[in-house]
Amino acid sequence: MLEIKNLHAEVGGKEILKGLSLSIGDGEVHAIMGPNGSGKSTLSYVLSGREGYEVRQGDITYCGESLIGMLPEERAAKGVFLAFQYPLEIPGVSTMNFLRTAYNAQLKARGVEELDAASFLRMVRAKADLLKVSSEMLKRPLNVGFSGGEKKRNEILQMALFEPRLAILDETDSGLDIDALKLVADGVNALRAPDRSMLVITHYQRLLDYIIPDFVHVLSNGRIIKSGGKELALELERDGYESIVSSAA
Amino acid sequence: MSVQMAPKKAILSVAASRGDIEKPYLEACDRVFDENGSEPDWLKKLRRAGKERFKAHGFPHRRVEAWKYTDLRPRMKAPFSLALGQETPQTIVATAFEGISASRLIINDGVFAPSLSSLMEQSGVELVSLKQSLHDLPDWVKDYLELNTWLTSSPMPALGAALMQDALFMRIAKDAVLDRPLHVIYQTTANAAHYHTKCVVILEQGAKATLIESHVSENEQASFHNQGIEIEVGDDACLDHIVVEGSAEENLHVTSLNARLAQRARYTAMSAVSGGGLVRGDSIITLEGKGALAQVNGVYMLVGRQHCDNTIVIKHAAPDCESAQVFQGVLTENSRGVFQGKVIVAEGADGTDAHQLSRALLLSDKAEADSKPELEIYADDVKCSHGATIGELDKDSLFYLRSRGIPLGEAKALLIEAFLDDVVEGAATQELIAPVKKHISNWLKEHESQIMQEGLKT
Amino acid sequence: MVAVQDTVKDVHALDVDKYKYGFVTDIESDMAPKGLNEGIIKFISAKKNEPEWMLELRLQAFDRWKEMEEPTWAKVSYDSIDFQDIHYYAAPKSDADRPESLDDVDPELLKTYEKLGIPLVEQALLAGVKNVAVDAVFDSVSVVTTFKESLAEAGVIFCPISEALQKHPELVKKYLGSVVPMSDNFYATLNSAVFTDGSFVYIPEGVRCPMELSTYFRINEANTGQFERTLIIAEKGSYVSYLEGCTAPMRDENQLHAAVVELIAMEDAEIKYSTVQNWYPGDAEGKGGIYNFVTKRGDCRGANSKISWTQVETGSAVTWKYPSCILRGDNSVGEFYSIAITNNHQQADTGTKMIHLGKNTRSRIISKGISAGQAQSTYRGQVNINRKAAGARNYTQCDSLLIGSKCGAHTVPYIESRNPSAIVEHEATTSKLSEEQLFYCRQRGLSEEEAVALLVNGFCRDVLQQLPMEFAVEAQKLVSISLEGSVG
């Protein structure tokens, strides 16, 4: 469902991704691991269409369609979801209002009739309860004054709500203690489905103890230098990036 | 109709008295021109241009927006006469920096006193006195003078150019790192006099220096010091600037500072004002080169009818510059503290980071605090903020200290000291901060009665 | 906050004609010749059948005005105004015999207000339906005031000021000019000389006004100025919430609107005054638009009184306006909540003055300025704590948002305190619309324009919340529409 071929991408005139290729099938969970500066976050921004992240070469095919040149909101409406490493704070906009505005914008883009306020509220409440997101949190301005754990739970709540076909989780474990991590991972695992693929980006193997991937890829200097099963993550944890990077070189 | 005539008359009478106040100064200008007939032509021209500019504007007053809270005109009615200064003063007044190893430059009533100064052996610095080297000025001094920067902003530096008896020019060579501070001591010994000083400090690329200015006095009748200081900080150069105003409570002191910063230049200034009856610090700091940084801090501690006005304009003219202003003060008795800080971000000065903070402690119901923190922004990629508070000492903190057995006066002094030290901290090296802190704590000890007086309502 | 959704829809619906109030009503008008002199002032006064003392005050003001100079301290620039090239009086001819009820109002005028979305019908007072009484001012005259009778039952007087001069001259004489003196400033003095209509509100002691009162100002004729005068008096223990709205046709020339508003709150009284200012802002090139030079001041005359100003300023080519509070009564409260949006070539210099005279007086200023296009927006405010204002408190929060690199945002606060027990706090920030926040919203499926509308409404939330519910939705829409075309 996602096919990345020989992807070259620049940020501010500097090439970060240097010929990355990756193929993800329906319902698969792929993990991308790599040292700092290897291009992990760049990949997530290129996939979601952030301005300033320019594709110079290669292609990204998603459900048979090229993503290149598509606006971020168009990608979102087609089911591409990015759980941010640092979810943004938006003062003055209540979380509930934000969720409803975004949800309806996506429905509209897909030509589906918008959901009435009451049904929407019920749906959000049900999903929020599972992630221990309180109704008080939903009333507060989006992510403002939220703890690290609350912000990440809010991201997963949005993922549950928007039901994406491709979910990109960018360093979802960063800033979480073990209890918060388990809660978030449970939320993600509950969303695993045959028609939903996931790309889990992480620096540490720890997260993959809870979200068990089907495939693991090692990203270094803008390219995937090694791929394997979930055991590759353990290998990395044991030997460090250094040895794999140098042996692949 | 008679009611409507009244204001017109009032305006006329103000106009008439305006000329009266400036008259002695204009006459002093003419005397200076006559007595210095042998001066080079360029200097004569500069003096005359200065007089003309001053004549056109007169002393700044309330209706000039930048002087809204500080009216110079009534203060200038005092019969001051032009001091001619002495190169060999009878006395040398102690400063807050005794015991600090520094090159001392003594300016006595506006004239440099070379025999009492101790700069000559310091490497990396060139020093020129206008009076000493009048007919033998190096090119870099002449080049600087041709910029005519004294004639462009407020009329005060223009008046100074017309009446100065001396001027000091300092140049720190490229990449020179001074091993000890330059310490300029302005001492007022003349009575009922006005005098005008000029100081130019140029840091060439990569140079590093610390400039201390001490204002001290030993006069009996109030005098007026009109000070001009010009600073140029070259690419990657760095200047720390510390000012302590500790002269007698009657003296008037107006400073016009003009600083220009080149690429990645750093300028940090810290002033502590406890002296002077009226002290106006007028600073214009222009961040001309990309990545420059200016940090301008100040504290003031006032008693009696002292009036202290810090007016700072920071112009962000290039991208990626940072500036910060922090001014905090304590006002007792009938004193008045003014802070006017303006940040201008020019079009194209993206990546600007500019902050202002002004806090005043008002300890008397006859004191007044005025604050005007202004932002003028023409670029969108900026982070600018300002904060201002005016209030009294925190009652909870006072109570806490007293519940631990500290008497009220001491508790107040303690909290004020913490409030002021907060600004001083980080403005320069510990070695130089220590004397400033000492200056603050001495002031608090000497003025306990003022601190206690009218604030005692708890 | 469902309104944001509606906003988004409206933004799309309006992409053709963004200033939807720009039409002209084709109606025959009775106009004074162009120019300003004693004769014109006498003409206006005679048209209004005013008492002699009113004419005298007008002429005195005119004498003063001739000696005054236009203020230049505001950060706005515009071509100088030729005060002799303006009609100082224009009224629909059909208004000549003042209509006594809605049935008598010219149908063309009723259609105009319908088009503007202003309800001029008096719905039966049903339980649960909230009514708004409307005074409709068209050019120089009030064409109709609704719910007058229902309000009169509660003892509330709500009528055009010209009518108040006939029916309640003692009240007008007592209070007119008591907050904004006749010769307060250049524009206020001009207004004192030539004001034509505006609203008069009197709430008797202990009365809580049973409905929202509002005035809709409409400039219709070309080459006219509008000089309205509003006076609101809230007696001891009373309460009133008042809202004004303003629109004008799209014209290439600039038109002057110089109003004076005076509020008086006696002991324990409260006045809530909201403005949604949507005068024609001029076109994208900066041609045309209203010069909005307004003096608004409230006097908290009695102890424990409260005056609250809320303004949403999105229109006008140039705005010069500082709704202020004189906090005279002990424990009185002044508030100023403001959103000023400038786009294209608009300029706004607006803010407030809080003058603390009484003990334990409190004031709160929340100002949100948004600049886009080539617009310049300035917050100018003064907080003054008098020596006698023991225990006074002020809190000011003043934020500016910049959209685009050609606009400017400026902040000029004057903070003056002479009482040691007073606490004054001021905070201000200026920043640009965050690229990260925009991307976050778009990643969740919002278009760029929807994202801007959402973020800006969030930025303004503290102020929008202060508006009466009925108008909050309208204001939110206006916020979004005003910024159309400012990104991308």
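**Exercise 1.** In this predicted model, work out how many residues of chain C are in contact with how many residues of chain A, and how much area is buried between the two chains.

*Solution.* Start with the contacts: on one side stand 25 residues of chain C, and on the other 36 residues of chain A. Next, take the area: about 2600 Å² is buried between chain C and chain A, with carbon and sulfur atoms giving 59% of it. Then look for the main contributors on chain C: Phe439(C), Tyr440(C) and Arg444(C) supply 31% of the area that chain C buries against chain A, more than any other three residues.

**Exercise 2.** Now describe the polar side of this interface: how many salt bridges are there between chain C and chain A, and how many residue pairs are in polar contact?

*Solution.* Count the salt bridges, and you arrive at four. For an example to find in the structure, turn to Glu435(C) and Arg50(A), whose side chains form a salt bridge with an N to O distance of 2.9 Å. The polar contacts come to twelve residue pairs, with both residues at pLDDT 80 or more.

**Exercise 3.** Find which elements give two or more residues to the side of chain C that touches chain A, and sort the residues of that side by character.

*Solution.* Three helices of chain C qualify: H1 (3–13), H9 (435–443) and H10 (448–459). H9(C) gives the largest share, eight residues. Sorting the residues of this side yields ten nonpolar, seven polar and eight charged.

**Exercise 4.** Identify which pair of chains shares the most contacts.

*Solution.* Two pairs of chains are in contact, and chains B and C share the most contacts. Chain A and chain B are joined by no contact, and their closest C-alpha atoms are 16 Å apart.

Note on methods
Residues numbered from 1 in each chain as written. Chains lettered and ligands numbered in written order. Predicted model: local features only at pLDDT ≥ 70, side-chain atom pairs only at ≥ 80, totals over all residues. Heavy atoms only, no water. Contact = heavy atoms within 4.5 Å. Buried area = accessible area lost by both parts, 1.4 Å probe. Polar contact = N/O pair within 3.5 Å; in protein donor to acceptor, adjacent residues only side chain to side chain. Helix = DSSP H or I, 4+ residues; strand = E, 2+ residues; numbered from the N terminus. Nonpolar A, V, L, I, M, F, W, Y, C, P; charged D, E, K, R; others polar.
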